[in-house]
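Got your viewer open? Load the model, switch to cartoon view, and let's take a walk through it.

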Amino acid sequence: MESVATIRSENPIDDTTFGELSQLIINNWHLFEPVFQSKTAVSTLMNQLNTLRGPIAHCNPTNKIEYDRLKLAVRSWFDLMS
């Protein structure tokens with residue numbers, strides 16, 4: 001059966017959700033510990049990004065507070081890196 005959606009990548013990691021990515025990082029912490037400062041912070045921030053991503057992905061308008069939260073979450077992501 002032919003897929004309705006166009007395949008955008010052959011690499012499975014490209015379709016990873018924030019939840020899956022968070023779990024991947026936590027389950028392989030020994031590989032990511034040199035990159036990130038805190039396992040808990042990574043998990044918390046990924047949950048926050050996933051919540052913020054929903055309205056954007058579904059083309060819903062975002063208000064100023066949501067926009068500011070997204071900017072802060074992205075900045076926090078970079079701050080997590082050692």
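The tour goes from the whole chain to one helix pair and then to two single residues.

**Stop 1: the whole chain.** Keep in mind that you are looking at a predicted model. Colour by secondary structure and you'll find 4 helices and 0 strands. Starting at the N terminus, the order of elements is simply α-α-α-α.

Now turn the C-alpha trace around: along its principal axes the trace spans about 45 × 35 × 15 Å. The radius of gyration is 15 Å, whereas a compact globule of 82 residues would come in near 12 Å.

Switch on the surface next. The chain exposes about 6500 Å², and 56% of that comes from carbon and sulfur atoms. Of the 82 residues, 16% are buried. As for contacts between residues at least 6 apart in sequence, 55% of them link residues at least 24 apart.

**Stop 2: α3 against α4.** Select residues 39–57 for helix α3 and residues 64–80 for helix α4. How do the two sit against each other? Their axes are 10 Å apart and the packing angle is about 150°. The crossing of α3 past α4 is left-handed.

Show side chains here. On the α3 side, pick out Ala41, Val42, Leu45, Met46, Gln48, Leu49, Leu52, Pro55 and Ile56. Facing them from α4 are Glu66, Arg69, Leu70, Ala73, Ser76, Trp77 and Leu80. Sort the residues of this contact by type and you get 12 nonpolar, 2 polar and 2 charged.

**Stop 3: Gly54.** Stay in α3 and select Gly54, which belongs to that helix. Is Gly54 buried or exposed? Gly54 counts as buried because its relative accessible area is 16%, and the cut-off for buried is under 20%. While you're there, draw a distance from the C-alpha of Gly54 to that of Phe78: the two residues are 24 apart along the chain, and the line should read 21 Å.

**Stop 4: Ser22.** Jump back to helix α1, residues 18–27, and select Ser22. With a relative accessible area of 7%, Ser22 also falls below the cut-off, so this serine is buried too.

Which residues does Ser22 touch, leaving aside its neighbours within four places in sequence? Show Ser43 and Met46, since Ser22 is in contact with both. You have already met Met46: this residue is on the α3 list from the contact with α4. That makes Met46 a good place to park the camera and end the tour, with Ser22 as one contact and α4 in the picture as well.

Conventions. Residues are numbered from 1 along each chain as its sequence is written. This is a predicted model: local features need pLDDT of at least 70, side-chain atom pairs count only at pLDDT 80 or more; totals for chains, interfaces and linings use all residues. Side-chain values use heavy atoms; hydrogens and water are left out. Axes are lines fitted to C-alpha atoms, for helices over the stretch in contact, and angles run from 0 to 180 degrees between N-to-C directions. Helices (H or I, at least four residues) and strands (E, at least two) are DSSP runs, numbered from the N terminus. A crossing is left-handed if the near helix is turned anticlockwise from the far one by less than a right angle, and right-handed if clockwise. Contact means heavy atoms within 4.5 Å. Ala, Val, Leu, Ile, Met, Phe, Trp, Tyr, Cys and Pro count as nonpolar, Asp, Glu, Lys and Arg as charged, and the others, Gly among them, as polar. The radius of gyration is taken over C-alpha atoms; the globule rule is 2.2 Å times the number of residues to the power 0.38. Buried means under 20% relative accessible area, exposed over 50%, partly exposed in between (1.4 Å probe, protein chains only). Accessible areas come from the Shrake-Rupley method with a 1.4 Å probe; for residues, only the protein chains shown count as cover.
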